[in-house]
Amino acid sequence: MRVKTLLAGVLLAPGLGWAQDDLLADLESASVPEQEYVLATWKGTKVVNLQTNELPARGVLQYSILHRFGAFNDDFFYNFLGLDNAQVRLTLDYSPYDWLNLGLGHTGVRKTYDGYAKYRLLRQSRGKNAFPFSLTGFSALYYSAQRFNDDLPRNTSDRFSYVHELVIARKFTPRFSAQLVPTLIHFNVQPRRQDNNSVLALGLAARYKFTPQHAITLEYVPQLNGNTYLDPVSGSQRSYTNALSLGVDIETGGHVFQLFITNAPGVAEPYVFAQNTGEVGNGDLHFGFNISRVFTIVKPRQFQE
Amino acid sequence: MQTRYYLLLFTLLLCLSAQAQKLSTRSGYVRFFSETPLENIEAINEQSSSILNLENGQFAFLVPIKGFVFEKALMQEHFNENYLESGQFPNATFKGQIRDFAALDLEVEGKREIVLVGTMEIHGVSRQVEIPVTLMIAAQEMRIEGELMVKASDYAVKIPAAKKDNINNELALTVKYRYAR
């Protein structure tokens with residue numbers, strides 16, 4: 001009896017093998033990655049004024065031109081649609097590693113030169129070691145080379161300011177991404193004794209991709225302990241305003257075009273986030289764009305000679 | 001008693017031999033190439049896996065879309081994000097059979113032209129395809145190598161009008177699998 005059972009087993013064994021023989025299922029179960037990074041949370045490395053969690057890939061040089069036109073309420077047509085009183089910022093950055101990007105910039109506002117580093121700390125990922133969001137740091141140092149004509153003694157250190165952003169970003173769906181950006185802006189010297197040298201802000205941003213190549217972006221950066229300033233026109237104290245921007249991202253091959261309207265014409269981060277005077281309600285709105293172009297300097301291993 | 005042990009041993013051996021008849025690799029090579037007068041686009045994937053069953057001629061391969069490496073990183077991002085949508089469709093697969101497998105003598109070393117018949121799935125769309133490939137049999141290894149043309153439109157991969165001059169709807173796929181015996 002037992003021998004018969006075994007014999008039946010022997011005869012059936014290969015048959016069972018057959019039934020379970022799905023080669024593709026074998027491959028699929030073996031191909032589930034331990035950790036798979038979520039790609040393209042944003043189209044560019046900036047939303048409008050805030051950084052995103054994105055860095056150019058390793059070996060990629062990125063050149064950006066950032067433009068803020070004159071305000072709609074500032075002799076718009078006399079200033080040729082704001083072009084005559086536009087502010088410009090140029091940046092050039094390079095990623096020696098996938099997690100690190102280093103850059104240099106120049107901004108017309110207060111003749112500002114800057115250097116910055118952007119670094120990935122954590123990445124949103126799927127798979128066995130899934131993680132729900134990306135964490136990216138941005139640290140920058142700004143030097144204002146503007147001449148002073150008041151003959152007061154000044155130290156070189158007075159010309160420096162700093163910005164640190166911690167970008168907490170999540171791609172919720174293929175179309176929708178959002179981020180929180182705790183931001184610290186520090187000026188070595190402020191105009192008045194009572195001003196806060198360090199200003200904290202909490203950046204908020206979101207994007208909705210309405211075609212694969214187009215997205216709407218919205219960005220707001222409220223300050224938590226913003227300073228006031230003496231408005232020369234009204235002669236009264238006013239608070240620096242929070243930067244608000246609404247834009248469209250357009251992607252074409254090697255470029256990302258970002259077209260937007262913003263109340264912050266300062267272009268460089270310290271002036272945008274902590275010394276902005278544009279009032280949305282007064283029509284202090286500026287048309288602006290960021291254009292970036294990337295160049296592959298170091299090709300991937302597969303394409304090296 | 002004795003008989004039973006022999007049978008048990010026989011069963012085990014049978015299972016082992018069935019195992020040994022499946023050859024697999026995890027480092028298959030897949031390259032795609034799009035050619036237009038304006039621009040050539042090339043991507044290489046060295047993470048494709050494949051299984052070949054020598055018992056019955058069944059064959060499958062799997063290509064992780066994120067494994068394609070482009071010369072330009074941005075192109076790679078657009079490929080994943082806008083065209084193949086690898087977040088939703090992580091793999092391209094083929095599952096099928098060597099045609100006329102019974103007539104194939106695997107003991108004789110050398111090159112054979114064979115046809116793989118089966119189902120290709122790319123971007124969530126399945127299609128019946130035939131892939132003519134070369135089967136190379138050697139003492140230490142077997143290889144399957146071939147090239148096929150794939151139409152992006154067949155697999156619901158949309159190429160925007162503005163990119164029609166840069167990306168050919170017909171792409172050449174080269175596959176190379178090498179199995180140790």
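Start by selecting strand S10 (198-211) of chain A and helix H2 (73-83) of chain B: in this predicted model, each of them supplies at least two residues to the lining of the second largest cavity. That cavity has a volume of about 40 Å³.

Now show side chains for the whole lining. From chain A, pick A:Ala40, A:Trp42, A:Lys43, A:Arg207, A:Lys209 and A:Glu251, then add B:Glu77 and B:Glu81. Colour them by class and you'll get two nonpolar, no polar and six charged residues.

Anything else to look for? A search of the whole structure turns up two cavities of 30 Å³ or more, so to speak a short list. Head over to the largest one, with a volume of about 210 Å³. Its lining has 21 residues, and the ones to centre your view on are A:Thr45, A:Lys46, A:Gln62, A:Ser64 and A:Thr91, the closest to the cavity centre.

Switch to cartoon here and highlight five strands of chain A: S2 (60-71), S3 (87-97), S5 (112-122), S15 (255-262) and S16 (286-296). Those are the elements that give two or more residues to this lining. Colouring by class again, you'll find five nonpolar, 10 polar and six charged residues around the largest cavity.

Last stop: jump to chain B and select B:Lys22, which sits in strand S1 (residues 22-35). Is B:Lys22 buried or exposed? Partly exposed, as its relative accessible area is 26%, and the buried class takes in values under 20%. Before you leave, add B:Phe59 and draw a distance between the two C-alpha atoms: 9.5 Å, for residues 37 apart along the chain.

Definitions and conventions. Residues are numbered from 1 along each chain as its sequence is written. Chains are lettered from A and ligands numbered from 1 in the order in which they are written. This is a predicted model: local features need pLDDT of at least 70, side-chain atom pairs count only at pLDDT 80 or more; totals for chains, interfaces and linings use all residues. Side-chain values use heavy atoms; hydrogens and water are left out. On a 1 Å grid over the protein atoms alone, a cavity is a set of points where a 1.4 Å probe fits but cannot get out, and a pocket is an open set with protein on both sides within 12 Å along at least five of seven lines; lining residues have an atom within 4 Å of a point. Grid points are joined across faces, edges and corners, and a volume is the space filled by probe spheres set on the points. Helices (H or I, at least four residues) and strands (E, at least two) are DSSP runs, numbered from the N terminus. Ala, Val, Leu, Ile, Met, Phe, Trp, Tyr, Cys and Pro count as nonpolar, Asp, Glu, Lys and Arg as charged, and the others, Gly among them, as polar. Buried means under 20% relative accessible area, exposed over 50%, partly exposed in between (1.4 Å probe, protein chains only).
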